Amino acid sequence: MVKQTIQIFARVKPTVRKQQQGIYSIDEDEKLTPSLEIIVPHDLADGFVNNKRESYKFKFQRIFDQGANQETIFENIAKPVAESVLAGYNGTIFAYGQTGSGKTFTITGGAERYSDRGIIPRTLSYIFEQLQKDSSTIYTTRISYLEIYNECGYDLLDPRHEASSLEDLPKVTVFEDPDQNIHLKNLSLHQAATEEEALNLLFLGDTNRMIAETPMNQASTRSHCIFSIHLSSKEPGSATVRHAKLHLVDLAGSERVAKTGVGGQLLTEAKYINLSLHYLEQVIIALSEKHRSHIPYRNSMMTSVLRDSLGGNCMTTMIATLSLEKRNIDESISTCRFAQRVALIKNEAVLNEEIDPRLMIIRLQKEIQELKDELAIVTGEQRTEALTDAELLELEKLITSFLEDQDPESRLEVGTDMRKIHHCFHYLKKLLNDKKIHGKSTVSSEIKDQDCQEPLKEEEYKKLRDLLQQRDNEINILVNMLKKEKKKAQDALHSSGMDRSECGHSQSSPFHLGTEGLRTLPSSAPTQVQDVNTFGYRSSLLHRKTVMREEMSLGRQEAFEIFKRDHADSVTIEDNKQILKQRFSEAKALGESINETRSKIGRLKEEITQRHMQQVALGISENVAMPSMPDLLEEKLRSQLEEEKIRYKMMFTRLKALKVEIEHLQLLMDKAKVKLQKEFEAWWAEEATSLQVNSPAVNSLNHMKPFPQTPESQRERSQLLCNQSDVNARKILPSPCPIPHSREPSSTSASLEDSIPEKPASSIPLTGDSQTDSDILAFIKARQSILQKKR
Ligand code: ADP
Ligand code: MG
């Protein structure tokens with residue numbers, strides 16, 4: 001068992017504005033524990049929190065300042081956790097911080113560069129690399145990806161995502177069994193045999209999450225995502241299986257609604273926007289206080305799912321992500337305070353080992369066979385299950401003569417065969433019962449005495465007999481266990497079919513988070529989930545793209561081209577395309593060099609052999625012994641060979657790394673393309689609304705919305721929108737929403753009027769009709785030309 005408090009790390013996001021310097025500093029105390037000091041600027045100190053402290057100091061295990069790259073974060077934070085998972089312990093890494101502080105960047109990675117890949121892809125890469133190195137153990141890796149939004153769980157890897165909207169998919173629910181183990185129903189586990197397969201699952205889940213999000217509600221800031229790697233390991237021939245889970249958690253933004261007092265002063269008490277973070281804090285407070293017996297895990301889905309990670313059987317690490325700019329001071333202090341409480345929580349991680357009854361039975365059966373064989377060797381005869389008729393007849397004769405023999409010293413000699421001994425007892429019992437012999441006790445005691453006196457001839461034989469008996473008993477117990485397990489699984493499947501439409505209140509069905517993959521699939525989710533291979537996942541992403549594309553009318557396609565041209569993401573896609581091209585040609589060139597080197601190695605080997613043969617032949621023909629001096633030419637060839645081998649190995653390693661990078665870049669691009677298309681749909685819908693509301697477009701310029709949108713403006717917009725209803729917000733696009741538009745003078749509206757085709761506003765639908773689409777396109781183009789003229 002490993003006892004450990006939750007490890008806390010801080011990561012400071014690079015600030016955009018230079019003048020933000022001086023807001024914080026990082027020091028170390030005499031024990032080399034780093035601390036982060038946040039200095040509250042004077043103008044804020046008056047209004048900020050009740051007391052007028054000017055600085056706050058917080059200790060962390062380590063603090064990563066703005067310059068820390070993703071590799072450093074992985075090496076220092078995630079690698080130790082991945083190592084303990086490989087050793088069989090559960091692990092959790094969660095990122096906590098306000099929206100925009102870098103949680104997703106840290107956990108998943110940036111959307112643009114390969115070098116920005118975050119903890120999840122790097123951990124997958126590391127784990128698979130280690131598994132490949134260890135051939136002495138059999139490993140199974142499974143992946144699940146859960147999103148919790150508004151207390152409802154969604155399986156981001158549900159293969160039906162594409163066909164159905166989020167609301168129609170069965171919700172993932174949590175419940176406890178009588179032993180207080182947490183179970184998740186409707187969360188699929190996908191086997192991933194390679195790093196690529198696991199990476200594809202990550203991207204598939206992320207894309208599904210993005211598709212489900214609408215501009216009305218940036219769910220990604222309000223939902224929690226748990227990417228889990230379930231690792232099982234087993235030594236060949238052993239019945240003991242180890243299970244370890246690694247949860248990589250991207251929590252919802254921790255920002256709070258600040259309660260504003262008189263004169264705009266902020267009061268200390270501010271409430272989380274996200275209710276489940278409030279419950280998370282309650283759990284953390286309860287855990288960090290001594291003598292608290294009740295921990296309110298059950299209050300929210302997230303705390304239930306992460307119960308083991310918080311004060312349980314897990315090695316847990318928290319990353320506090322901080323965006324240390326002036327306007328974020330209060331949120332940053334909250335995040336650090338939260339971390340300090342988390343650091344008090346003690347966890348106890350144990351190795352999760354269990355015996356697989358099926359494997360045990362196989363092992364015992366094998367052992368029984370071996371014992372039987374040994375027995376046969378000792379007794380010199382092969383044993384069958386039952387005695388033959390002849391043997392039975394022979395025995396009965398022996399018993400009869402034994403009973404009839406008047407000599408008190410007489411013995412019943414049947415040898416060392418247990419089957420014969422048992423048969424004698426049965427036969428005697430039957431005789432006693434049948435004939436109702438009087439003085440039964442005398443006879444039986446006589447027999448018993450005889451039996452006891454009967455010395456066992458061979459020690460070994462006795463031992464083997466005992467062992468056999470013991471194994472028989474064990475098998476019976478295990479068979480019973482298996483029957484019970486089977487019954488439980490059947491019950492579970494039955495109940496899962498009954499209450500799939502409910503959200504959050506399920507009470508039944510023993511689906512284990514972390515055991516048997518297939519068991520966790522709902523009855524109507526066929527086992528095909530497991531068969532979806534790497535290409536399946538990618539083609540699923542690509543399919544989504546092309547379907548969206550094919551459905552577009554010509555007008556929309558043209559508008560899409562305009563949108564794409566000016567959108568910031570297109571630049572990224574183009575950049576990545578260029579990098580991909582480079583990588584492809586590098587890979588191609590490397591491939592060629594590898595082939596060349598391989599043939600060179602072949603040639604060198606051939607030359608060495610020939611040289612060797614020549615030397616031998618020379619020795620024979622001249623009838624002299626082989627020269628004791630080393631052959632210089634051969635040595636030279638050998639060193640050349642070694643060099644080529646080293647080169648080959650180096651190039652091969654590089655090619656392997658390139659392959660992973662290419663795969664990652666392709667996935668990044670696919671994701672960016674889907675995102676672009678999604679944003680285009682939203683924009684298009686807005687334009688249509690705008691045309692609808694303002695047609696005839698006398699004042700259309702008043703409603704013009706500049707594009708492309710910068711990440712900043714998108715964030716601001718989403719924050720504005722965050723406060724609107726979010727219950728029904730997660731619908732598939734398009735969902736036109738009232739967005740505050742920037743105001744511009746409408747002096748050029750007359751020229752616009754000329755260029756926009758007239759159409760009664762009420763007859764304009766939002767999608768589909770190609771005539772309407774060309775109207776919207778004309779509207780967009782007209783506005784663009786006006787904008788250009790203005791410039
Ligand atoms: P969160 O998930 O906490 O809301 P994100 O991870 O989405 O925040 O980060 C917000 C923005 O800041 C993203 O554009 C991201 O790429 C960028 N970002 C975050 N952390 C870093 C970092 N350490 N280095 C560079 N860019 C970062
Ligand atoms: Mg995020």
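Where does Asn150 lie? Asn150 sits in the loop between β8 (138-149) and β9 (152-155). I'll come back to that loop. First, the overall picture.

What we have on screen is a predicted model. The protein has 791 residues, and 47% of them are buried. Its secondary structure comes to 21 helices and 19 strands. Now the contacts. Take those with a sequence separation of 6 or more: 76% are between residues 24 or more positions apart. The accessible surface is about 41600 Å². Carbon and sulfur atoms hold 53% of that surface.

On to the ligand. Which residues surround ligand 1? From one part of the sequence we have Arg11, Lys13 and Pro14. Then comes a run: Gln98, Thr99, Gly100, Ser101, Gly102, Lys103, Thr104 and Phe105. By class, that shell has 6 polar, 3 charged and 2 nonpolar residues. Helix α3, residues 103-107, gives the most to the shell, with 3 residues.

Let me go through some distances. At Gly102, a polar backbone atom is 3.1 Å from an oxygen atom of ligand 1. At Thr104, the side chain has an N or O atom 2.7 Å from a ligand oxygen. At Phe105, the partner is a polar backbone atom, 2.7 Å from an oxygen of ligand 1. How much of ligand 1 does the protein cover? On its own, ligand 1 has 550 Å² of accessible area, and the protein covers 69% of that.

Next, helix α2. It spans residues 70-86. Where is the kink in this helix? At Ala78, shortly before the proline Pro80, and the angle is about 45°. Ala78 itself is one of the buried residues of α2. The others are Gln70, Ile73, Phe74, Ile77, Val81, Ala82, Ser84, Val85 and Leu86. Just after the helix, Gly88 takes a positive phi of about 110°.

That brings me to backbone angles. Most residues other than glycine have a negative phi. Two residues here are worth a look. Leu32 is not a glycine, yet its phi is positive, near 65°. Leu32 is in the loop between β3 (24-28) and β4 (34-39). Is Leu32 buried or exposed? Its relative accessible area is 58%, so Leu32 counts as exposed.

Back to Asn150. Phi there is positive too, about 50°, and again the residue is not a glycine. Asn150 has a relative accessible area of 43%, so it is partly exposed. The loop, as I said, runs between β8 and β9.

Moving along the chain from β9, the loop between β9 and β10 (173-176) holds Pro159. Pro159 is partly exposed, at 43% relative accessibility. Its C-alpha is 10.0 Å from the C-alpha of Asn208, and 49 residues separate the two along the chain.

Now the loop on the other side of β8, between α4 (119-133) and that strand. Thr137 is found there. Thr137 is at 13% relative accessibility, and the cut-off for buried is under 20%, so it counts as buried. What does Thr137 touch beyond its neighbours within four places in sequence? Ser233, Lys234 and Glu235. The C-alpha atoms of Thr137 and Ser232 are 10.0 Å apart, with these positions 95 residues apart along the chain. There are local polar contacts as well. The Thr137 side chain makes one with the side chain of Asp134, at 3.3 Å. Another joins the side chains of Thr137 and Ser136, at 3.4 Å.

Last stop: helix α18, residues 632-694. Glu687 lies in this helix. Is Glu687 buried or exposed? The relative accessible area is 2%, so Glu687 is buried. Setting aside residues up to four places away in sequence, Glu687 touches Ile776, Phe779, Ile780 and Arg783. One of these, Ile780, is 93 residues from Glu687 in sequence. In space, their C-alpha atoms are 7.6 Å apart.

To recap three places to look at on screen. Ligand 1, with 69% of its own accessible area covered by the protein. The kink at Ala78 in α2. And Glu687, a buried residue. That's all from me.

Key: Residues are numbered from 1 along each chain as its sequence is written. Chains are lettered from A and ligands numbered from 1 in the order in which they are written. This is a predicted model: local features need pLDDT of at least 70, side-chain atom pairs count only at pLDDT 80 or more; totals for chains, interfaces and linings use all residues. Side-chain values use heavy atoms; hydrogens and water are left out. Helices (H or I, at least four residues) and strands (E, at least two) are DSSP runs, numbered from the N terminus. Buried means under 20% relative accessible area, exposed over 50%, partly exposed in between (1.4 Å probe, protein chains only). Contact means heavy atoms within 4.5 Å. Accessible areas come from the Shrake-Rupley method with a 1.4 Å probe; for residues, only the protein chains shown count as cover. The bend at a residue is the angle between axes fitted to the seven residues ending there and the seven starting there. A residue is near a molecule or strand if one of its heavy atoms lies within 4 Å of it. A polar contact is a pair of N or O atoms within 3.5 Å; within protein, one must be able to donate a hydrogen and the other to accept it, and residues adjacent in sequence count only if both atoms are side-chain atoms. Ala, Val, Leu, Ile, Met, Phe, Trp, Tyr, Cys and Pro count as nonpolar, Asp, Glu, Lys and Arg as charged, and the others, Gly among them, as polar.
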